[in-house]
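The report below is meant for someone meeting this structure for the first time. It begins with single residues in loops and moves on to the chain, its core, a helix and the ligands.

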Amino acid sequence: PYVVTDNCIRCKYTDCVEVCPVDCFYEGENMLVIHPDECIDCGVCEPECPAEAISPDTEPGLEKWLKINADYAKMWPNITQKRDALPEATEFDGVAGKFEQYFS
Ligand code: SF4
Ligand code: F3S
C-alpha cells in the first residue's frame, strides 16, 4: 500500500482524498493516514500531495509509517472530501521530525 508520512503533519492539505478511488483516507487532528488493507496501490494520490507526504511502503525506512497508518486508520474517521489545509500548513511544510515533536 501507499502510506502517509511525516510531512503531512500540521499541513493536512487533503488534496489526496479527492482522487482516491476507494476512499481509504482517515483523518486525525494533525494528519491523515491510509488504511493499508483498503489501498489498492493505484498510486494516483502520490503526485497530488503538495507536501510530497505520500509514498509506497516499499520505499526503504517506511516500516514505522506503515504501522502508524495501519493503527490510526482503525481509530480515525474516514475522509472523502477536500477541506481547507491547516492554517499553519505553509509554515510547517518541510519541517523535519514533525512526528516526534507534534504528533498527538
Ligand atoms: Fe487511494 Fe490509490 Fe492512494 Fe491507495 S494509492 S491511497 S488506493 S489513491
Ligand atoms: Fe496530507 Fe498531503 Fe493528503 S499533506 S492530507 S497527505 S494531500
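D23 sits in the loop between α1 and β2, and in this predicted model its phi is positive, at about 50°, although D23 is not a glycine. With 13 C-beta neighbours inside 10 Å, D23 counts as partly exposed. A second residue of this kind is R10, found in the loop between β1 and α1, where phi is near 65°, again a positive value in a residue other than glycine. Most residues other than glycine have a negative phi. R10 is buried, because 22 other C-beta atoms lie within 10 Å.

**The chain as a whole**

Read from the N terminus on, the elements of the protein chain follow the order β-α-β-β-β-α-α-α, which amounts to 4 helices and 4 strands. The radius of gyration is 12 Å, close to the 13 Å that the globule rule gives for 104 residues, so the protein chain is as compact as a globular protein of that length. Along its principal axes, the C-alpha trace spans about 30 × 30 × 25 Å. Of the 104 residues in the protein chain, 34% are buried. Among the contacts with a separation of 6 or more, 81% join residues that are 24 or more positions apart.

**The nonpolar core**

In soluble globular proteins, nonpolar side chains tend to be buried together. Here the largest nonpolar core holds 27 residues, and those that touch the most other members are V4, C8, C16, F25, L32, V33 and I34. Two or more residues of this core come from each of β1 (2-4), α1 (15-19), β2 (25-27), β3 (32-34) and α2 (63-73). To take I34 as an example, once its neighbours within four places in sequence are left aside, I34 is in contact with P1, Y2, V3, V4, C24, F25, C39, N69 and A73.

**Y2 and I40**

Y2, one of the contacts of I34, lies in strand β1 and is buried, since 26 other C-beta atoms are found within 10 Å. Not counting residues up to four places away in sequence, Y2 touches I34, C39, D41, G43, C45, E46, I54, S55, P56 and D57. I40 belongs to the loop between β3 and β4 (54-56) and, with 11 C-beta neighbours inside 10 Å, counts as exposed. The table sets out three pairs of residues with their separations along the chain and in space, including the pair that joins I40 to Y2.

| Pair | Apart in sequence | C-alpha to C-alpha |
|---|---|---|
| I40 and Y2 | 38 residues | 8.6 Å |
| I68 and C39 | 29 residues | 15 Å |
| Y2 and T90 | 88 residues | 24 Å |

**Helix α2**

I68, which appears in the table paired with C39, has its place in helix α2. Why does I68 count as buried? The reason is that I68 has 20 C-beta neighbours inside 10 Å, and a residue is buried if 20 or more other C-beta atoms lie within that distance. The buried residues of α2 are W65, I68, N69 and A73. Seen down the axis of α2, these buried residues fall within an arc of 115°, so they line one face of the helix. On the other side of α2, by contrast, E63, K64 and D71 are exposed. As for what covers the buried residues of α2, the cover includes β1, β2 and β3.

**The two ligands**

Ligand 1 is surrounded by 13 residues, of which the closest are Y2, C20, C39, C42 and C45. By class, the shell around ligand 1 divides into 11 nonpolar residues, 1 polar and 1 charged. Y2 thus takes a place in this shell as well as in strand β1, and C39 and C45, also among the closest residues to ligand 1, are both touched by Y2.

Around ligand 2 there are likewise 13 residues, and the closest of them are C8, Y13, C16, C49 and A51. The shell around ligand 2 has 10 nonpolar residues, 1 polar and 2 charged. C8 and C16, which are among the closest residues to ligand 2, are also among the members of the largest nonpolar core that touch the most other members.

Definitions and conventions:
Residues are numbered from 1 along each chain as its sequence is written. Chains are lettered from A and ligands numbered from 1 in the order in which they are written. This is a predicted model: local features need pLDDT of at least 70, side-chain atom pairs count only at pLDDT 80 or more; totals for chains, interfaces and linings use all residues. A residue is near a molecule or strand if its C-beta atom, placed from the backbone, lies within 6 Å of it. Ala, Val, Leu, Ile, Met, Phe, Trp, Tyr, Cys and Pro count as nonpolar, Asp, Glu, Lys and Arg as charged, and the others, Gly among them, as polar. A nonpolar core is a set of buried Ala, Val, Leu, Ile, Met, Phe, Trp, Tyr and Cys residues joined through C-beta atoms within 7 Å. A residue is buried if 20 or more other C-beta atoms lie within 10 Å of its own, exposed if 12 or fewer, and partly exposed in between; C-beta atoms are placed from the backbone. Two residues are in contact if their C-beta atoms, placed from the backbone, lie within 7 Å. The arc is that of the directions from the helix axis to the C-beta atoms. The radius of gyration is taken over C-alpha atoms; the globule rule is 2.2 Å times the number of residues to the power 0.38.
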